[in-house]
Amino acid sequence: MKPDLRVKNKVFDFRNPTVLPSGFYGDKYKEMQEIYDSGAGAITLKSIGPKERKSHPFPFIVKLEHGTLNAVGLPTPGHKNMEDFWENMNKRNFPLIASIYGTNTKEFIEVAEFIAGKKPEFIELNISCPNVDNFGMLFSCDSKIAGEITEKVKNVVGKIPVLPKLTPQANDIGKIAKACEEAGANAITAINSVGPGMKINLKTKKPVLSFKKGGYTGAAIKPIAVRCVYDIYKEIEIPILGMGGISNGEDAVELIMAGASAVGIGTVLYARGKTCFNEITKEIEDWMNQNNVSKLNEIIGKAHD
Ligand SMILES: Cc1cc2nc3c(=O)[nH]c(=O)nc-3n(C[C@H](O)[C@H](O)[C@H](O)COP(=O)(O)O)c2cc1C
């Protein structure tokens, strides 16, 4: 019998577990629809912030041997300046995770309330970006702040499920996840980029990125993502959208065994292209066939048994 790859729990209802994470094609309707049509189970928007913000100057991304460093810098038109975008988005037929950020709790509330009016299926809280100064990842290093932002956002978004996105840099990521759950989070997304890291050009003797440092993503961070998802799963009952370094179906199965119900497919898109959602879903299916697993639920968190 064909294995069942549908993700269905109290929070998620996706046709398969592969999700486009925030920051990859997540700002144009046409591309997002194309990615869904080519096989993704759900789509996340590029993080939307409170005020227009430009990207850091070029170069803001550099491909390294085992991963990618980026300091795009959370560019956004500002939540109120995207009316055309939302008009298009009303045509979508895919589950949409709207990622938002603020530089303080008040801004998170303001953006969340506005975006909730656009009726995305989920709101993800980017409290974990490593490549901006003075905010970003700092919020999810502190369980009190992570909980406070989660609770206040929950108060203004009605029934829309909220997913705080966590940094692997926290001392105890399980504790942060627990604080978010207690504050009303419906699911947890983990992990955001690792770092920041740095690449120096030996010829110019200077950092390659204009921002000098950047978040590290791609294959090299997978063991960190697996450990983080494992630690989070131990502490909470709500589902986990896991991500970090997934390159193929077996990597996805590993993250699912650590505790993820669905998995983000990010940096590998640069190498495998948009069709990889379909391919990775097929690779998960092949693994399930070879291992007599008929439903994804049978292996979620299996590494904890
Ligand atoms: C170029 C780039 C831009 C990103 N932008 C965002 C963003 O706007 N918001 C966010 O929450 N995460 C952002 N991320 C992090 C990813 O969503 C994801 O958490 C991370 O890349 C780990 O997954 P991966 O190893 O499969 O890429 C970005 C990552 C990259 C490489």
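**Entry 1, the S10–S15 pairing.** I began with strand S10 (residues 188-190) and strand S15 (residues 240-243), and I find that they run parallel and are joined by 3 bridges. Within this pair I looked for the partner of Thr189, and it is Leu241 in S15 that stands opposite. I note here that I am working from a predicted model.

**Entry 2, the barrel.** I then followed the pairing onward and saw that 8 strands close into a barrel, in the order S3-S4-S7-S8-S9-S10-S15-S16, with parallel pairing. For the twist of this sheet I have an average of 25° between neighbouring strands, with direction ignored.

**Entry 3, helices on the sheet.** Next I looked up which helices cover the strands in the middle of my list. Helix H3 (residues 105-116) lies across strand S7 (96-100) and strand S8 (122-126), and the angle between H3 and S7 is about 155°. Helix H4 (residues 143-154) also packs on the sheet, where it touches S8 and strand S9 (162-166), and its direction makes about 160° with that of S9.

**Entry 4, H3 against H4.** I asked myself at what angle the axes of H3 and H4 cross. The answer is roughly 30°, with the axes coming within 9 Å; since angles under 35 degrees count as roughly parallel, H3 and H4 are therefore roughly parallel to each other. The crossing is right-handed. On the H3 side I listed Thr105, Phe108, Ile109 and Ala112, which meet Glu148, Ile149, Lys152 and Val153 in H4. Sorted by class, this contact of H3 with H4 has 5 nonpolar, 1 polar and 2 charged residues.

**Entry 5, H7 against H9.** I turned to another helix pair, helix H7 (residues 249-258) and helix H9 (residues 276-290), which pack at an angle of about 70° with their axes 8 Å apart. That angle makes H7 roughly perpendicular to H9, and H7 passes H9 in a right-handed crossing. The contact is made by Gly249, Glu250, Ala252 and Val253 of H7, together with Ile280, Glu283, Ile284, Asp286 and Trp287 of H9. I count these contact residues by class as 5 nonpolar, 1 polar and 3 charged.

**Entry 6, the ligand shell.** Last, I wanted to know which residues come nearest to the ligand. Of the 26 residues around the ligand, they are Pro21, Gly23, Thr217, Gly266 and Thr267. As for the chemical character of the shell, I record 8 nonpolar, 16 polar and 2 charged residues.

Technical notes
Residues are numbered from 1 along each chain as its sequence is written. This is a predicted model: local features need pLDDT of at least 70, side-chain atom pairs count only at pLDDT 80 or more; totals for chains, interfaces and linings use all residues. Axes are lines fitted to C-alpha atoms, for helices over the stretch in contact, and angles run from 0 to 180 degrees between N-to-C directions. Angles under 35 degrees count as roughly parallel, over 145 as roughly antiparallel, 65 to 115 as roughly perpendicular and the rest as oblique. A crossing is left-handed if the near helix is turned anticlockwise from the far one by less than a right angle, and right-handed if clockwise. Two residues are in contact if their C-beta atoms, placed from the backbone, lie within 7 Å. Ala, Val, Leu, Ile, Met, Phe, Trp, Tyr, Cys and Pro count as nonpolar, Asp, Glu, Lys and Arg as charged, and the others, Gly among them, as polar. A residue is near a molecule or strand if its C-beta atom, placed from the backbone, lies within 6 Å of it. Two strands pair if DSSP finds at least two bridges between them.
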